[in-house]
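Trainee: Zoom in on one part of this model for me, please. I'd like the surface patch, and then whatever you can say about the rings.

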Amino acid sequence: MSGAGGGYPSELTDEQWALVEPLLPRARMGPKGGRREKHPRRRIVDAIFYVVRTGCAWRQLPKDFAPWPTVYWYFTWWHDDGTVERIHDALRGKVRKSDGRDAEPSAGLIDSQSVRTADTVPAATRGFDASKKVKGRKRFIVTDTLGLLLAVHVVAASIQDRDGAKRPLLWTSLDHPGVRKVWADQGFAGRLVDSTPCFLRRVMVGERRSATTVAAPAGPTGPDTGHMQGEQREAEVQQGTVQ
């Protein structure tokens with residue numbers, strides 16, 4: 001149950017708040033100290049989750065939350081200083097440990113998805129995905145074998161998979177050096193196979209949708225997260241060789 005607030009479904013429970021609160025940064029104070037924060041941190045976090053879950057504009061926050069400029073100020077602070085990412089990573093580690101795995105993964109999966117955008121989105125940041133017949137943006141997502149997020153990259157939908165995947169794979173390599181394998185589908189083949197060893201320096205296993213493995217020099221490619229149930233990947237996860 002929630003210990004404070006207006007009873008919105010997006011509010012944190014007491015148990016959830018106990019996990020998040022220690023991960024928030026200390027209050028900002030000047031050289032001579034400063035007054036206590038006017039609004040409880042928990043209500044600030046609840047307000048941020050309200051925006052995330054409902055998709056409303058900041059200005060449309062219900063009045064029983066802190067004023068929207070205050071909530072937005074906290075959000076930009078915690079986003080820019082890495083707090084949001086640290087909370088996400090800490091909670092991902094807890095979920096993995098509760099599933100009997102190491103906190104850090106040793107394997108991942110990459111996929112892309114093209115989504116339509118409104119005409120108000122700047123033309124420079126959207127494009128046309130000819131294969132999916134979608135005009136908008138494309139998001140590249142790398143997850144662990146539980147489907148928990150490791151990296152995300154958003155580009156124009158016109159960007160080819162083999163080109164758009166390079167940056168999230170690089171981020172995965174830097175942020176999660178234990179990742180030794182990444183599965184992908186054949187849309188990621190080609191130049192990505194040749195360039196991956198240069199920055200990922202990991203073995204990248206590829207599978208066709210028939211679950212055949214496609215090898216490539218010192219690092220390969222293969223399946224989207226919608227078709228990731230290949231026999232080789234499943235066997236490795238069950239055997240504990242990757243997590």
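Mentor: L149, V152 and V154 make up a nonpolar patch on the surface, together offering about 220 Å² of accessible area (Shrake-Rupley, 1.4 Å probe, with only the protein chains shown as cover for residues). Patch members need over 30% relative accessible area and no salt bridge, with nonpolar side chains (Val, Leu, Ile, Met, Phe, Trp, Tyr) joined within 5 Å and like charges within 9 Å; a salt bridge puts a Lys or Arg side-chain nitrogen within 4 Å of an Asp or Glu carboxyl oxygen. The model is predicted, so local features need pLDDT of at least 70 and side-chain atom pairs 80 or more, while totals for chains, interfaces and linings use all residues. Numbering runs from 1 along each chain as its sequence is written, and side-chain values use heavy atoms, without hydrogens or water.

L149 sits in strand β4, residues 149-156 (strands are DSSP E runs of at least two, helices H or I runs of at least four, numbered from the N terminus). At 32% relative accessible area, L149 is partly exposed; under 20% is buried and over 50% exposed, using a 1.4 Å probe and protein chains only.

Now the rings: the whole structure holds ten aromatic pairs. Y8 and Y50 have ring centres 5.1 Å apart and planes at 70 degrees, so they're edge-to-face (Phe, Tyr or Trp six-membered-ring centres within 6.5 Å; planes over 60 degrees edge-to-face, under 30 stacked, the rest tilted). This pair ties together distant parts of the chain, 42 residues apart: Y8 comes in the segment before α1 (14-20), Y50 in helix α2 (residues 41-54). Y8 is partly exposed at 23%, whereas Y50 is buried at 17%. W73 and Y74 are edge-to-face too, 5.1 Å between centres and 90 degrees between planes. Here W73 is partly exposed at 41% and Y74 buried at 6%. Both belong to one aromatic cluster with W77 and W78.
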